[in-house]
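Student: I have a protein model open in front of me and would like to practise reading it. Could we go through it together?

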Amino acid sequence: MYIVMLGAPGSGKGTTAKILAKRLNLPHISTGDMFREQIKKGTELGKLADSYISKGELVPDELTINIVKDRLTWEDTKNGVILDGFPRTKAQAEALDAILQEAGKKVDIVPELIVPDQVIIDRILNRATCSNKECGAIYNTKYKPSKVPGVCDICGSKLVTRTDDNEEAIQNRLEVYRKNVQDLLDYYKEKNVLVSITPEDPTADNASEQAVDEILK
Ligand code: ADP
Ligand code: ZN
């Protein structure tokens, strides 16, 4: 199953995508994570991507499409993937369809998480992520703190704050999201694969689990 997760930054899209991936035993492909990995490694691609990401702007389509195209050649993507953060523009959506079509596949379902702005901003401003890539647990210093501040409950690694999780970049990311998402919603609505998910209480502990149940229903 090829799933494209849509949702604003901080909507819980990443957490939901991770749970979905685990349940369906499919790889979770996050373009944001892929870029951050390149930035950490200090590669040319990373440096270029960082010049956009740190401002909350989108990385150019061509660059983004290429890394996803490459990732989708891996053996583990043969039965499906959970895409998180890609596509973000209509051009990316079209490119994805072309890539999948070549392999005789298609996007099967596109869940869109709908969460109020205030929840989103509050969530992102207090977000802390486990620095251990294998773990990647996400905490909220206000609503879902780790037991020991700055340390992951699950694996004991240090928690880090993303450099683009500051108020200015967040505002910009939300604006960029809104500007682009309508195209994607129209695109996938027409293909009859869009499913809107409105979590009853998006701040609940199990909000993402519930979203996943709703998606798989
Ligand atoms: P969020 O959803 O919280 O903004 P992501 O981890 O999905 O976080 O993305 C972080 C940043 O990485 C984005 O603000 C953007 O700069 C860049 N990025 C990620 N995916 C894409 C994409 N598909 N196209 C362009 N830029 C992207
Ligand atoms: Zn951890």
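Tutor: Gladly! Keep in mind that this is a predicted model. Let us begin with one side chain: at 57% relative accessibility, Lys 133 counts as exposed.

Student: Which residue forms a salt bridge with Lys 133, and how far apart are the closest N and O atoms?

Tutor: A salt bridge needs a side-chain nitrogen of Lys or Arg within 4 Å of a carboxyl oxygen of Asp or Glu. Here the partner is Glu 37, and the closest N and O atoms are 3.8 Å apart.

Student: Where in the chain do Glu 37 and Lys 133 sit, and how many residues apart are they?

Tutor: Glu 37 belongs to helix 2 (residues 31-41), while Lys 133 is in the loop between strand 5 (127-130) and strand 6 (138-140). The pair therefore links distant parts of the chain, 96 residues apart.

Student: Does Glu 37 count as buried, partly exposed or exposed?

Tutor: Buried means under 20% relative accessible area and exposed means over 50%. Glu 37 has 27% relative accessibility, so the class is partly exposed.

Student: What about Arg 162 and Asp 164: which of them counts as buried?

Tutor: The two side chains meet in a salt bridge, 3.1 Å from N to O. Arg 162 counts as partly exposed because its relative accessibility is 21%. At 6%, the buried residue is Asp 164.

Student: Which residues are joined into one network by salt bridges that share partners?

Tutor: Asp 164 also forms a salt bridge with Arg 173, with the closest N and O atoms 3.8 Å apart. Arg 173 has 10% relative accessibility, so this residue counts as buried. Shared partners join up one network, made of Arg 127, Arg 162, Asp 164, Asp 165 and Arg 173.

Student: Now for the helices. What should helix 1 span, and how far apart are its end C-alpha atoms?

Tutor: Helix 1 covers residues 13-24, which makes 12 residues. At 1.5 Å a residue, the expected span is 16 Å. That agrees with the model, where the end C-alpha atoms are 16 Å apart.

Student: Which elements do the buried residues of helix 1 pack against?

Tutor: Buried residues in this helix are Lys 13, Thr 16, Ala 17, Ile 19, Leu 20 and Ala 21. They pack against strand 1 (2-7), strand 2 (28-30), strand 3 (81-84), strand 4 (110-113) and helix 8 (207-216).

Student: Which strands stand at the edges of the five-stranded sheet?

Tutor: The sheet is open, with parallel pairing and the order 2-3-1-4-8. An edge strand has a single partner strand, so one of its sides is left without a neighbour in the sheet. Those at the edges are strand 2 and strand 8 (194-197).

Student: What residue in strand 4 is the bridge partner of Gly 7?

Tutor: Strand 1 and strand 4 run parallel and are joined by two bridges. For Gly 7, the bridge partner is Leu 113.

Student: How do the residues in the contact of helix 5 with helix 7 divide into nonpolar, polar and charged?

Tutor: The axes of helix 5 (residues 90-102) and helix 7 come within 9 Å and cross at roughly 35°. Lys 90, Ala 93, Glu 94, Leu 96 and Asp 97 from helix 5 meet Asp 183, Leu 184, Tyr 187 and Tyr 188 from helix 7. The division is five nonpolar, no polar and four charged.

Technical notes
Residues numbered from 1 in each chain as written. Chains lettered and ligands numbered in written order. Predicted model: local features only at pLDDT ≥ 70, side-chain atom pairs only at ≥ 80, totals over all residues. Heavy atoms only, no water. Helix = DSSP H or I, 4+ residues; strand = E, 2+ residues; numbered from the N terminus. Expected span 1.5 Å × (residues − 1). Buried < 20%, exposed > 50% of the residue type's maximum accessible area, 1.4 Å probe, protein only. Contact = heavy atoms within 4.5 Å. Pairing = 2+ DSSP bridges. Axes fitted to C-alpha atoms, helices over the stretch in contact; angles between N-to-C directions. Nonpolar A, V, L, I, M, F, W, Y, C, P; charged D, E, K, R; others polar.
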